[in-house]
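Here's a short set of exercises to work through with the model open in your viewer. Try each task before reading its solution.

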Amino acid sequence: MVNGWADWWSNARKRLPKRDRKCFDSMTILVSWQVRLERNNRTFDRQQRTVPQLLGAIVDEASVWVQAGYKQLAKLLVALGH
C-alpha cells in the first residue's frame with residue numbers, strides 16, 4: 001500500500017503548478033496526520049468525531065501551521081473562508 005500511496009502523491013503533485021506543490025504536500029501530510037489521530041482515538045480511546053468536527057480540526061491545525069510561519073497554507077485557508 002505504501003508504494004500505491006507514494007505513486008498517487010507523486011502523480012497528483014506533478015499535475016499541479018510548481019507554485020502549488022508545497023501547499024499540496026503540506027495538506028496531504030496534515031490531512032493524513034489528522035485522519036491517523038482520529039483512527040487512533042477511535043481504536044484506543046473509543047472516542048470519535050463527526051466529519052464536520054474532523055474537517056474543523058484540519059482547518060484549525062492548518063491555521064496553527066500558518067501562525068508558526070508556514071505561509072504556503074495561507075492561500076488555502078483564505079479560499080476556505082478562514
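**Exercise 1. Aromatic pairs**

How many aromatic pairs does the count come to? Classify each one.

Solution. Keep in mind that this is a predicted model.

- Step 1: the count comes to two aromatic pairs.
- Step 2: take Trp 8 and Phe 24, whose ring centres are 5.8 Å apart with the planes at 45°. Planes under 30 degrees apart would be stacked and those over 60 edge-to-face, so this pair is tilted.
- Step 3: place the two rings on the chain. Trp 8 sits in helix α1 (residues 2–14) and Phe 24 in helix α2, 16 residues apart, so the pair links distant parts of the chain.
- Step 4: the other pair is Trp 65 with Tyr 70, at 6.5 Å centre to centre and 85° between the planes, which is edge-to-face.

**Exercise 2. Cover on the rings**

Work out whether Trp 8, Trp 65 and Tyr 70 are buried, partly exposed or exposed.

Solution. You need two cut-offs here: buried is under 20% relative accessible area, and exposed is over 50%.

- Step 1: Trp 8 has a relative accessible area of 40%, so Trp 8 is partly exposed.
- Step 2: Trp 65 comes in at 25%, so partly exposed again.
- Step 3: Tyr 70, at 29% relative accessibility, also counts as partly exposed.

**Exercise 3. Two residues of helix α2**

Find Thr 28 and Glu 38, then say how covered they are and what they touch beyond their neighbours in sequence.

Solution.

- Step 1: Thr 28 has its place in helix α2 (residues 18–45), and Glu 38 is found in α2 too.
- Step 2: Thr 28 has a relative accessible area of 9%, so Thr 28 is buried.
- Step 3: skip everything within four places in sequence, and Thr 28 is in contact with Trp 5, Trp 8 and Trp 9.
- Step 4: Glu 38 has a relative accessible area of 6%, so this side is buried as well.
- Step 5: with residues up to four places away left out, Glu 38 touches Gln 47, Gln 48, Arg 49 and Leu 54.

**Exercise 4. Helix α3**

Check the span of helix α3, list its buried residues and say which helices they pack against.

Solution.

- Step 1: α3 covers residues 51–67, which is 17 residues. From first C-alpha to last, α3 reaches 24 Å, close to the 24 Å expected at 1.5 Å a residue.
- Step 2: the buried residues in α3 are Leu 54, Ala 57, Ile 58, Val 59, Ala 62 and Val 66.
- Step 3: those buried residues pack against α2 and α4 (74–79). Leu 54 turned up in Exercise 3 as a contact of Glu 38.
- Step 4: carry on past the helix, and α3 is followed by Gly 69, whose phi is positive, near 115°.

**Exercise 5. The whole chain**

Describe the fold order, the box, the burial and the charges.

Solution.

- Step 1: there are four helices and zero strands, running α-α-α-α from the N terminus.
- Step 2: along the principal axes, the C-alpha atoms fill a box of roughly 40 × 35 × 20 Å.
- Step 3: of the 82 residues, 23% are buried. The protein exposes about 6,300 Å², with carbon and sulfur atoms supplying 59% of it.
- Step 4: among contacts with a separation of 6 or more, 38% are between residues 24 or more positions apart.
- Step 5: there are 14 positive and 7 negative side chains, and the centres of the two sets lie 7 Å apart.

Conventions: Residues are numbered from 1 along each chain as its sequence is written. This is a predicted model: local features need pLDDT of at least 70, side-chain atom pairs count only at pLDDT 80 or more; totals for chains, interfaces and linings use all residues. Side-chain values use heavy atoms; hydrogens and water are left out. Helices (H or I, at least four residues) and strands (E, at least two) are DSSP runs, numbered from the N terminus. Buried means under 20% relative accessible area, exposed over 50%, partly exposed in between (1.4 Å probe, protein chains only). Contact means heavy atoms within 4.5 Å. Accessible areas come from the Shrake-Rupley method with a 1.4 Å probe; for residues, only the protein chains shown count as cover. Lys and Arg count as positive and Asp and Glu as negative; His and the chain ends are not counted. The place of a charge is taken as NZ of Lys, CZ of Arg, CG of Asp or CD of Glu. Rings of Phe, Tyr and Trp (its six-membered ring) pair if their centres lie within 6.5 Å; planes under 30 degrees apart count as stacked, over 60 as edge-to-face and the rest as tilted. The expected span of a helix is 1.5 Å times one less than its number of residues.
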